[in-house]
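Biologist: I'd like to walk through this one with you. Could you show me how to read its features, step by step?

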Amino acid sequence: MSNDARLPLWEVFVRSRRGLSHNHVGSLHAADAEMALRNARDVFTRRMEGISIWVVPSTAITASSPDEKDAFFDPAGDKAYRHPTFYTIPKDVQQL
Amino acid sequence: MTVVATDVAAVSTLRMADDCLVLSHRLAQWSSRAPSLEDDVALTNIALDELGQARALYARTAELDGTGRSEDDYAFLRDERQFVNCLLVEQENGDFATTVVRQLLFTTYQHAQWRALVASPDEQVAAIAAKAIKEATYHRDHAADWTLRLGDGTDESHRRMEAALAALWPYTAELFEADDLTADLVAMGVAADPAVLRGDWEPFVDRVLREATLTRPEITWVPIGGRRGLHTECFGYMLAEMQHLHRSHPGVAW
């Protein structure tokens with residue numbers, strides 16, 4: 001099997017059921033958006049994992065740089081008051 | 001319904017079952033060899049769908065012909081001349097273009113067939129059709145999508161698609177063959193009318209070929225015989241590969 005480098009890479013997001021958001025599940029190669037959607041259906045939802053699929057060209061994603069990790073994320077580390085830990089969550093609310 | 005009529009109905013389900021099984025095996029031969037991992041998964045998914053349809057149809061055939069044979073009996077313990085699949089599905093995979101063309105020509109036919117059989121008076125066949133039509137819709141779209149991309153792709157992909165079309169097109173005549181048996185089956189309502197199927201098949205295939213900038217070939221010769229057990233040379237080799245494990249180890253299970 002050849003890994004065809006000429007085909008662009010796509011990131012795949014799947015929503016597992018209504019009410020939840022789409023989650024990133026992986027990536028794949030496809031010639032265009034429609035084929036990417038079909039491939040995603042075959043590769044990532046063949047065991048009933050989802051009811052909705054998004055595909056996004058990998059090149060359209062701007063990622064944070066590992067070099068900036070400290071400046072980006074560390075300042076949030078010691079600010080516990082930003083966490084909503086002072087509320088009690090009703091036990092029937094499973095997805096919050 | 002008389003015994004004879006039931007037997008005739010079994011011929012119809014057996015023809016469809018053999019179409020599904022043989023195509024399933026051909027597609028499974030792509031496993032680990034498709035142009036990309038994504039296509040590998042897609043083709044084997046379709047192969048499994050076809051296998052599922054074959055199993056349901058063999059089970060129904062065994063009830064109709066009164067033999068009570070198992071799915072394995074039909075798949076592994078019949079010889080070449082006892083298979084009644086159409087010649088198109090047994091044709092070798094060739095290059096990816098050949099497989100795409102075979103998929104387009106056959107799954108469009110199969111889609112039309114399931115659509116007609118949703119209204120079958122045989123409730124079990126109608127139920128199988130109702131489930132299979134969703135799978136067939138995907139199979140047909142998958143083939144149409146690839147036909148568009150390869151036909152209207154590069155010079156090389158276009159050339160290969162034209163060659164595949166020229167090689168496989170003659171085998172489409174058999175799909176709409178109307179022998180005496182077909183007439184009986186249509187009258188009983190257990191098989192789709194070939195004229196209706198063609199009316200469904202032709203506009204779809206023509207439209208896809210046109211959009212894909214491919215030329216519909218002329219019919220130069222009409223190979224038939226699959227429905228009576230007369231197959232092309234490549235089928236024997238395929239069957240030997242498919243059956244050898246079961247025949248070497250009778251009753252083997254895993």
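Modeller: Sure, let's start with B:T220, which sits in the loop between helix 9 and helix 10 of chain B. Helices here are DSSP runs of H or I with at least four residues, strands are runs of E with at least two, and both are numbered from the N terminus. Before we go on: this is a predicted model, where local features need pLDDT of at least 70, side-chain atom pairs count only at pLDDT 80 or more, and totals for chains, interfaces and linings use all residues. Residues are numbered from 1 along each chain as its sequence is written, chains are lettered from A and ligands numbered from 1 in the order in which they are written, and side-chain values use heavy atoms, with hydrogens and water left out.

Biologist: Is B:T220 buried or exposed?

Modeller: The general idea is a set of cut-offs: buried means under 20% relative accessible area, exposed means over 50%, and partly exposed is in between (1.4 Å probe, protein chains only). B:T220 has 67% relative accessibility, so it counts as exposed.

Biologist: And how far apart are B:T220 and B:H246 in space?

Modeller: C-alpha to C-alpha, they are 39 Å apart, with their positions 26 residues apart in sequence. Set that beside B:D79 and B:R228: those two are 149 residues apart along the chain, and their C-alpha atoms are separated by 13 Å. B:D79 lies in the loop between helix 3 (71-76) and helix 4 (87-90) of chain B, and it counts as partly exposed because its relative accessibility is 44%.

Biologist: Back to the loop with B:T220. Which residues make a nonpolar surface patch?

Modeller: First, the rule. Patches take residues with over 30% relative accessible area and no salt bridge; like charges are joined within 9 Å, and nonpolar side chains (Val, Leu, Ile, Met, Phe, Trp, Tyr) within 5 Å. The areas come from the Shrake-Rupley method with a 1.4 Å probe, and for residues only the protein chains shown count as cover. In this model, B:I219, B:V222 and B:I224 make a patch of about 240 Å². B:I219 is in the loop between helix 9 (194-211) and helix 10 (233-248) of chain B, and its relative accessible area of 41% makes it partly exposed.

Biologist: Which residue in that loop has a positive phi although it is not a glycine?

Modeller: That's B:T213, with phi at about 60 degrees. B:T213 is found in the loop between helix 9 and helix 10 of chain B, and it is partly exposed at 40% relative accessible area. Chain A has a case too: A:M48, also not a glycine, has a phi near 60 degrees. A:M48 is in the loop between helix 1 (33-44) and strand 3 (52-57) of chain A, and with a relative accessible area of 77% it is exposed.

Biologist: On to charges. How many salt bridges are there over all chains?

Modeller: We call it a salt bridge when a side-chain nitrogen of Lys or Arg is within 4 Å of a carboxyl oxygen of Asp or Glu. Searching the whole structure gives 25 of them. One is A:R38 with B:D145, whose closest N and O atoms are 2.3 Å apart. That pair crosses between chains, from helix 1 of chain A to helix 6 of chain B. Both A:R38 and B:D145 are buried.

Biologist: What about B:R216 and B:D206: how far apart are the closest N and O atoms?

Modeller: They are 2.9 Å apart in that salt bridge. B:R216 is in the loop between helix 9 and helix 10 of chain B and B:D206 is in helix 9, so the pair ties together parts 10 residues apart in sequence. B:R216 is partly exposed, at 32% relative accessible area, and B:D206 is partly exposed too, at 25%. Elsewhere, salt bridges with shared partners join A:D32, A:E34, A:R38, B:D141, B:D145 and B:R149 into one network.

Biologist: Last topic, helix packing. What describes two packed helices?

Modeller: The angle between their axes and the distance between the axes. Axes are lines fitted to C-alpha atoms, for helices over the stretch in contact, and angles run from 0 to 180 degrees between N-to-C directions. Helix 5 (residues 96-117) and helix 6 (residues 123-151) of chain B pack at about 150 degrees, with axes 7 Å apart. That makes helix 5 of chain B roughly antiparallel to helix 6 of chain B. The labels go like this: under 35 degrees is roughly parallel, over 145 roughly antiparallel, 65 to 115 roughly perpendicular, and the rest oblique.

Biologist: And how do helix 5 and helix 7 of chain B cross?

Modeller: At roughly 50 degrees, with the axes coming within 8 Å; helix 7 is residues 155-168. These two helices of chain B, 5 and 7, are therefore oblique to each other.
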